[in-house]
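Reader: I should be grateful for a close look at a single part of this model, followed outward into the rest of the chain. Please begin with one residue and its setting, and keep the account connected.

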Amino acid sequence: MNLTNQNIEELITLCKENNQKAQFEIYNRYCKAMYNVAYRIVKDEHFAEDVMQEGFLKAFTKINDFKQEVAFGAWLKRIIVNYSIDFYKKNNPFKTEDFEKTLYKLEEPENDWEEKLDFNDIKVKQVLDAIQSLKYNYSMVLTLFYIEGYDQEEISEILKISYANCRTTLSRAKESLRKKLNEL
C-alpha cells in the first residue's frame, strides 16, 4: 500500500489504527520542519533531533486526542515547541530568568530607529544570530512570535506567563534586538 499519495486526514485515520507505515509517512512529511522548530529552541543539532523524535512519539501516542480543530501540522508543532521548551529548561546549565520577576511596563518608543537602520544590508543569518544572542526569555519570545508565528496570547499560554508579562517581555525583546541590529 503506497501512502505517499494519501492526504493527511487519511494518514491520521490510519495512525489512529496504529499503522506504522502511516506514522512513517507523516514523520517523513513533517520531520524537517519539526527539526527546525526544535533546533531554534534547544540550540543544539543532536538535542534537537532527540527532541523532535520524542515529540513525534508523544504525538503518535496521543493521536486520538487530535480533534482536527486546528491543522495537524499546527497541533504537532505545538507538541514539539512545548517539548523543546521543557527540554531546554531542564537541561540548560544556567538558571533561566523568571519572566514574572522582570515584569515592568515599557512603552513602545517612537519608530525613528527604522530610519537609522537599513534592513536591506542585514542578512537573515545575522538577525537569527542576534536573536539567539539575547537573554533566554527574550530569544524565546522572539522565536515564538516572529519565527514560529504564535500570537501573544498563545505565547503566554505556552510559557505559562500572564498576557501583560508576555507583551512587556516581547516589547523589551524587540528593543534589545533593535539595539543589537544597530550594532551590525
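Author: The residue chosen as a starting point is Tyr39, which lies in helix α2 of what is a predicted model. Is Tyr39 buried, partly exposed or exposed? Its relative accessible area is 35%, and because this falls between the limits of 20% and 50%, Tyr39 is classed as partly exposed. Setting aside residues up to four places away in sequence, Tyr39 touches Asp44, Glu45 and Ala48. A further reference point is Val81, 42 residues from Tyr39 in sequence, with the two C-alpha atoms 10.0 Å apart.

Ala48 leads from Tyr39 to the next element. Ala48 is one of the buried residues of α3, a group that also holds Val51, Met52, Gly55, Phe56, Ala59 and Phe60. The cover over these buried residues includes α1, α2 and α4. As for its geometry, α3 has 17 residues and extends 25 Å from the first C-alpha to the last, close to the 24 Å expected at 1.5 Å a residue.

The wider setting is the nonpolar interior. The largest nonpolar core comprises 51 residues, and those with the most contacts inside it are Ile26, Phe72, Ile85, Leu144 and Leu159. At least two residues of this core come from each of α1 (8-16), α2 (20-42), α3 (45-61), α4 (72-91), α6, α7, α8 (152-159) and α9 (163-183). Phe72 may serve as an example: beyond its neighbours within four places in sequence, Phe72 is in contact with Ile8, Ile12, Ile26, Tyr30, Ile63 and Phe66.

Two of the contributing helices also form a pair that can be described directly. Helix α6 (residues 124-133) and helix α7 (residues 136-147) have axes that come within 8 Å and cross at roughly 145 degrees. On the α6 side the residues are Leu128, Ile131 and Gln132, and they meet Ser139, Leu142, Thr143 and Ile147 of α7. Sorted by class, this contact has four nonpolar, three polar and no charged residues.

Ile131 of α6 also gives a spatial reference for Lys180: the C-alpha atoms of the two are 8.6 Å apart, although 49 residues separate them along the chain. Lys180 is found in helix α9 and, at 30% relative accessibility, counts as partly exposed. Apart from its neighbours within four places in sequence, Lys180 is in contact with Ala130, Ser133 and Leu134.

The buried residues of α9 include charged ones, among them Arg172, Lys174 and Arg178, together with others such as Leu170, Ala173, Leu177 and Leu181. Does the length of α9 agree with or depart from the expected span? For its 21 residues, 1.5 Å a residue gives 30 Å, and the end C-alpha atoms are 30 Å apart, so the two agree.

These parts belong to a protein chain with nine helices and zero strands. Of its 184 residues, 42% are buried. Among contacts between residues at least 6 apart in sequence, 65% join residues at least 24 apart. The chain exposes about 11400 Å², of which carbon and sulfur atoms supply 49%.

How values were computed: Residues numbered from 1 in each chain as written. Predicted model: local features only at pLDDT ≥ 70, side-chain atom pairs only at ≥ 80, totals over all residues. Heavy atoms only, no water. Axes fitted to C-alpha atoms, helices over the stretch in contact; angles between N-to-C directions. Helix = DSSP H or I, 4+ residues; strand = E, 2+ residues; numbered from the N terminus. Contact = heavy atoms within 4.5 Å. Core = buried A, V, L, I, M, F, W, Y, C linked by side-chain atoms within 4.5 Å. Buried < 20%, exposed > 50% of the residue type's maximum accessible area, 1.4 Å probe, protein only. Expected span 1.5 Å × (residues − 1). Areas by Shrake-Rupley, 256 points an atom, 1.4 Å probe, with all protein chains shown as cover.
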